[in-house]
Amino acid sequence: MAKWGEGDPRWIVEQRADGTNVNNWHWTERDVSGWSSERLRQLLLGVRVEGPEGVCQLTDVSKLDGEASINNRKGKLIFFYEWQIRANWLGTSSGGVKYRGTVDVANLSDENDLDDLDISASLCKDQPNTPLLDLMRKKGVQEVRRVLGEYIRQVKSEFSQGMILPTATGPKPPQPQKPTHVQSSKAQFVQVFTRSAATVDGRRGGRFQLLGGNVSGEFTQLVPDLRIEMRWRFRTWPSEHYATIKLDLEDQGDETELTMECRGVPAGEEDSTREGWTRFYFQAIKQTFGY
């Protein structure tokens, strides 16, 4: 995820009270990193669980790295957040003995469902084994997941108010769009969904480079609203080795079906290539533009 403020300034407009962002066409952003950091700390420090083993409570948040923002594009709110968290817990056994440990959250992100969050509880290295660890791994992790879900709910409800501005003719739902131009022809569109600098010559034989130079290639065929074909490579592949990518688009009225064919990926790179296209192209476009 790009750091706040690194987006293409031509596609960023300030939020205005007078409704200048008519029909919500422009991309508007609100940085909620500071608010998120404070709110996450408040929610986490309220975590407390107890059982026959004793009582455990989160005492401080020692690591909270990440960022969060809310975006409005054509009346659709899009939420970005990505956090890595470590909190310390103090447990007191039923016999009054105290133990210390940590809880780690590795992947609190808009790309992951709440149930898929990787949350782990452990004891500090100098602590002896205790049933309190089982208490934290069961009830404690469950409670941490619950408050993280509360953070997500608050970001999407309370803190997003005012992001969608009045339109010139009153409320109007956004119309479905085709992804062809986002994918191929304009560098500024690509820079928005990749959140990084890109060069794109959107014509047959035109070259492209994006994601910090990790991806490059050449367009071999461009048929508006129908097909995109390209020679495509990742930087670590053998020199001058390209895969052949075909993207076919079929208009189905209120939506567009996209079919992708990829041939010529180096042996052993299939899974990483599939994962990269899913994350950095399809999921990024969906999160940014709603396709």
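Of the 291 residues in the chain of this predicted model, buried residues make up 41%. The secondary structure comes to 5 helices and 12 strands, and among the contacts with a separation of 6 or more, 54% are accounted for by residues 24 or more positions apart.

Confidence varies along the chain. The mean pLDDT is 79, with 77% of the residues reaching 70 or more; the highest confidence is found in β6, at 96, and the lowest in helix α3 (residues 180-183), at a mean of 40. Over residues 1-26 the pLDDT is below 50, although the model places 55 contacts between this stretch and residues beyond its near neighbours in sequence. A further stretch, residues 162-185, likewise stays under 50 in pLDDT, and for these residues the model has 63 contacts beyond four places in sequence. Where pLDDT is low, the predicted coordinates should not be read in detail.

The largest nonpolar core holds 37 residues, of which Leu58, Trp83, Ile85, Leu108, Val144, Leu148 and Tyr151 touch the most other members. At least two residues of this core are supplied by each of α1, β3 (54-73), β4 (76-93), β5 (98-109), β6 (119-123) and α2, and the greatest contribution is that of α2, with 11 residues. Another core, of 21 residues, lies apart from the largest one and includes Leu210, Val265, Trp277 and Tyr281. Within the largest core, the surroundings of Leu108 can be described in detail: leaving aside neighbours within four places in sequence, Leu108 is in contact with Leu40, Tyr81, Glu82, Trp83, Ile85, Leu117, Leu148, Tyr151 and Ile152.

Helix α1 (residues 33-44) has 12 residues and, at 1.5 Å a residue, should span 16 Å; the end C-alpha atoms of α1 are 16 Å apart, so the expected and modelled spans agree. The buried residues of α1 are Ser33, Ser36, Ser37, Arg39, Leu40, Leu43 and Leu44, and two of these names recur in contacts with other parts of the chain, Leu40 as a contact of Leu108 and Arg39 through its side chain, which is joined to that of Gln154 by a polar contact of 2.7 Å. Gln154 belongs to helix α2 (residues 131-156) and, with a relative accessible area of 5%, falls under the 20% cut-off and is therefore buried. Both partners of this polar contact are thus buried residues, Arg39 in α1 and Gln154 in α2.

Towards the end of the chain, strand β11 (residues 243-251) pairs with β12 in the antiparallel sense over 8 bridges, and Ile245 has Cys262 of β12 as its bridge partner. The two strands, β11 and β12, form a hairpin with 4 residues between them, and Gly253, in the turn, has a positive phi of about 85°.

Beyond this hairpin, Pro266 is found in the loop between β12 (256-263) and α5 (270-289). Despite this loop position, Pro266 counts as buried because its relative accessibility is 10%, under the 20% cut-off. Apart from neighbours within four places in sequence, Pro266 is in contact with Trp237, Pro238 and His241. Arg233 lies 33 residues from Pro266 along the chain, and the C-alpha atoms of Arg233 and Pro266 are separated by 9.8 Å.

Terms used. Residues are numbered from 1 along each chain as its sequence is written. This is a predicted model: local features need pLDDT of at least 70, side-chain atom pairs count only at pLDDT 80 or more; totals for chains, interfaces and linings use all residues. Side-chain values use heavy atoms; hydrogens and water are left out. Buried means under 20% relative accessible area, exposed over 50%, partly exposed in between (1.4 Å probe, protein chains only). Contact means heavy atoms within 4.5 Å. The expected span of a helix is 1.5 Å times one less than its number of residues. A polar contact is a pair of N or O atoms within 3.5 Å; within protein, one must be able to donate a hydrogen and the other to accept it, and residues adjacent in sequence count only if both atoms are side-chain atoms. Two strands pair if DSSP finds at least two bridges between them. A nonpolar core is a set of buried Ala, Val, Leu, Ile, Met, Phe, Trp, Tyr and Cys residues joined through side-chain atoms within 4.5 Å. pLDDT is the predictor's confidence in each residue, from 0 to 100.
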